[in-house]
Amino acid sequence: MKKSKVGYLIIAFLSAWVLVQFFFLPAICSAAEAVYLITETELTTLEQNSNRQLAISNQLAVELQTAREQLKVSEQASTEAKLQIEQLQKQLSELKASSKKQEELQQTILKSLPPSAPGVLREIGLKIDVDDYARGASFGVSKRIGSKYIGLRGEYDWRDNKAGVWVTYAY
């Protein structure tokens, strides 16, 4: 019987030891942390620094929120500007096409119209006398400058055997 009492005692001791370790081990481990002592001035300085950092953090959070809102506004403006650019490019393309059609129509109309005033006029003349009929001939060339003509005409009278040159101006 002594053997069984000793066995029970060993089992009871080990059980008690495990329970003590289980319940008191966290308290023992947490007591192993290092302890630092600081003065009241140092504590005040730490609190002030912490408060300053908290204020800066809050200010940065506000600025970040403002920046995010500005980013949203900028993105909306950018989107609107892109849409407006697309619309303007479409209008420009339509206007270019319309302008090209108008130019083609204008060219077609200009080709179909007879020339109203040629750039160079040529004239051939015959000098006539009432009694002898044809007495001489003339030839002239005039060039249009603006809406007026300046020219040169040569003339020959075979009855008098004389030649003449004329400068002409037509308006």
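1. A word on terms to start with: two strands count as paired if DSSP finds at least two bridges between them. The model you are looking at is predicted, so please read the points below with that in mind.

2. With that definition in hand, take strands β2 (residues 133-145) and β3 (residues 148-157), which are antiparallel and joined by 10 bridges. One pair to look up is Ser 142, whose bridge partner in β3 is Gly 151.

3. On to the neighbouring pair. β1 and β2 are also antiparallel, with 10 bridges between them. These two strands make a hairpin, and 3 residues lie between them. Here you can find Lys 127 standing opposite Gly 136 of β2.

4. Stepping back to the sheet: it is open, with 4 strands in the order β1-β2-β3-β4 and antiparallel pairing. β1 (120-129) and β4 (162-170) are the edge strands, each pairing on one side only. From one strand to the next, the twist averages 20°. As a general reminder, strands of a sheet pair through backbone hydrogen bonds.

5. One residue deserves a closer look: is Ser 138 buried or exposed? Ser 138 belongs to strand β2. Its relative accessibility is 13%, and buried means under 20%, so Ser 138 counts as buried.

6. Which residues is Ser 138 in contact with, leaving aside neighbours within four places in sequence? They are Glu 123, Ile 124 and Gly 125, together with Arg 153, Gly 154 and Glu 155. For orientation, Glu 123, Ile 124 and Gly 125 fall within β1 (120-129), while Arg 153, Gly 154 and Glu 155 fall within β3 (residues 148-157).

Definitions and conventions: Residues are numbered from 1 along each chain as its sequence is written. This is a predicted model: local features need pLDDT of at least 70, side-chain atom pairs count only at pLDDT 80 or more; totals for chains, interfaces and linings use all residues. Side-chain values use heavy atoms; hydrogens and water are left out. Axes are lines fitted to C-alpha atoms, for helices over the stretch in contact, and angles run from 0 to 180 degrees between N-to-C directions. Buried means under 20% relative accessible area, exposed over 50%, partly exposed in between (1.4 Å probe, protein chains only). Contact means heavy atoms within 4.5 Å.
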